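Q: Could we go through this model together, starting with how the helices pack and then moving on to rings, cysteines and odd backbone spots?

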Amino acid sequence: MAKGKYPGPYFALDAALNSVGASQPAADRLEAKHFGKLGNSSQSKALISLFKMMEGAKKFAGKCGGATGISPKKIGIVGAGVMGSQIAVLCAKKGLKVYMRDIKQEVVAKGLALVKATFDRRVAKGRMAREKADARIALVKGGTEVSGFSDCDLVIEAAVELMSLKKKIFLELEKTVRPDCVIATNTSSLSITELASVLDNPERCVGIHFFNPVGKMPLVEVIKGGEKTSGDSIATGYRFALQLGKIPVICNDCPGFVVNRILGIYMGEAVKLAIEGCQLPYVDDALLDFGMPMGPFRLMDEVGLDVAAHVAPVLEEGLGERYASDPRYLELVKANPQWLGKKTAAGFYLYDKGGKGIQGGLNPGFKRKLDRLPYKI
């Protein structure tokens, strides 16, 4: 697991193996020697710094300039797709009431089924009692009516990455929710400031960006909408992330915020390699060996090829030519909605019904289409 990047496990193993049969003083000297080397290593200093930052982020005091906000008790979610449903699951796990809305009842039903299936799996694995699981499932309601948001403390929009659609949703929400309700967006790239501009009270708008898969990824970006977002809205977003057991980071409104501004280059270069004819598993394996937790093509399958394709032009427009994406690849993704990654069981790779990668499962259809794109020097 350490792949040579963390020396601690190897030193620990060496100490254990070489202490077998040794005297207690000799074993203690070896352990002290290894601990001395590790304690002063660059890895140790970096990990201690990281630990302190992560623990510091979990403490609300001093994070929001004196604003207090609230710890919301009922959450509204616009969009019952993969992201919206995962957020609903996480809220229910923490005992929060949820109303999840979509424009089609069949989409709502599918989202509620995902919530139920998630808790049912926990029961089957012995991780949760049936009674507790049923109570958590009952916390999540769904429907097509916007009136379900009327008593929410916080509403998160998790719809498709289209500015026009999100603005329409915001306008509809402002007419429905309480005056003190915070209106949030889970956008991964669109301007919070522009979204907030359609509201009569833009100070209530904040970005709360979760990462996929929501249940596993610890970071949540809490994004200010320029000068308009109030301190209390930021504070509520921060408290909400803490309620869910996440590590919140406050950032300003800019293309890609923090994470996607970094990932944009990473994924963009990977796509160039794919078009040049590089073997996708080799690229993924090389990045794993380097120390990344996941290769770029596996990561894009997790995120969703359509989501990444929506983000790419936004980054290019806001950050310049170095973020330029190949329009032929973007068209390829748009023209093949059956290959959007894990959520459609096929992207760069193939997946089974449980979302697990199939052994040797490179998607031959998508790879053939990539290979047909002529490489431009």
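A: Before the helices, one term: contact here means heavy atoms within 4.5 Å. Please also keep in mind that this is a predicted model.

Q: OK, so which residues in α1 meet which ones in α2?
A: On the α1 side they are G8, F11, D14, A15, N18 and S19, and on the α2 side they meet A27, L30, H34, K37 and L38.

Q: And at what angle do those two helices pack?
A: Helix α1, covering residues 8-19, and helix α2, covering residues 24-39, pack at an angle of about 170°, and their axes are 9 Å apart. That angle makes α1 roughly antiparallel to α2.

Q: Switching to rings, how many aromatic pairs are there?
A: The count comes to seven aromatic pairs. One of them is Y329 with F348, where the ring centres are 6.5 Å apart and the planes are at 10°, so the pair is stacked.

Q: Where do Y329 and F348 sit?
A: Y329 lies in helix α14 (residues 327-335), while F348 lies in the loop between α14 and β9 (349-351), so the pair ties together parts that are 19 residues apart in sequence.

Q: Are those two buried or exposed?
A: Both Y329 and F348 are buried. They also belong to a cluster, in which ring pairs link F297, Y329, W339, F348 and F366.

Q: Which arginines lie over the face of a ring?
A: R239 lies over the face of F60, at 3.8 Å from the ring centre, and R298 lies over the face of Y349, at 3.7 Å from the ring centre.

Q: How many disulfides does the structure hold?
A: The structure holds zero disulfides. C181, for instance, is in no disulfide, and the nearest cysteine sulfur, which belongs to C152, is 6.3 Å away.

Q: Why is there no bond from C205 to its closest cysteine sulfur?
A: Because the closest cysteine sulfur, in C181, is 11 Å from the sulfur of C205, which is too far for a bond; the cut-off for a disulfide is 2.5 Å between sulfur atoms.

Q: Is C205 buried or exposed, and what about C181?
A: C205 is buried, with a relative accessible area of 0%, and C181 is buried with a relative accessible area of 0% as well.

Q: New topic: where is the cis peptide bond?
A: A cis peptide bond joins N212 and P213, with omega about 0°. P213 itself is in the loop between β6 (205-209) and β7 (219-223).

Q: Which residues other than glycine have a positive phi?
A: F257 has a phi near 55°, and A345, which is not a glycine either, has a positive phi of about 70°.

Q: What surrounds them in the fold, and is each buried or partly exposed?
A: F257 lies in the loop between β8 (247-251) and α10 (259-275), and F257 is buried, with a relative accessible area of 0%. A345 is in the loop between α14 and β9, and A345 is partly exposed, with a relative accessible area of 31%.

Q: What does G341 touch, leaving aside its neighbours within four places in sequence?
A: With those neighbours left aside, G341 is in contact with D301, L305, A346, G347 and Y351. G341 is found in the loop between α14 and β9, and G341 is buried, with a relative accessible area of 0%.

Q: How far is G341 from K52?
A: They are 289 residues apart in sequence and 35 Å apart in space, taken C-alpha to C-alpha.

Technical notes: Residues are numbered from 1 along each chain as its sequence is written. This is a predicted model: local features need pLDDT of at least 70, side-chain atom pairs count only at pLDDT 80 or more; totals for chains, interfaces and linings use all residues. Side-chain values use heavy atoms; hydrogens and water are left out. Rings of Phe, Tyr and Trp (its six-membered ring) pair if their centres lie within 6.5 Å; planes under 30 degrees apart count as stacked, over 60 as edge-to-face and the rest as tilted. Helices (H or I, at least four residues) and strands (E, at least two) are DSSP runs, numbered from the N terminus. Buried means under 20% relative accessible area, exposed over 50%, partly exposed in between (1.4 Å probe, protein chains only). A charge sits over a ring if NZ of Lys or CZ of Arg is within 6 Å of the ring centre and within 35 degrees of the ring normal. Axes are lines fitted to C-alpha atoms, for helices over the stretch in contact, and angles run from 0 to 180 degrees between N-to-C directions. Angles under 35 degrees count as roughly parallel, over 145 as roughly antiparallel, 65 to 115 as roughly perpendicular and the rest as oblique.
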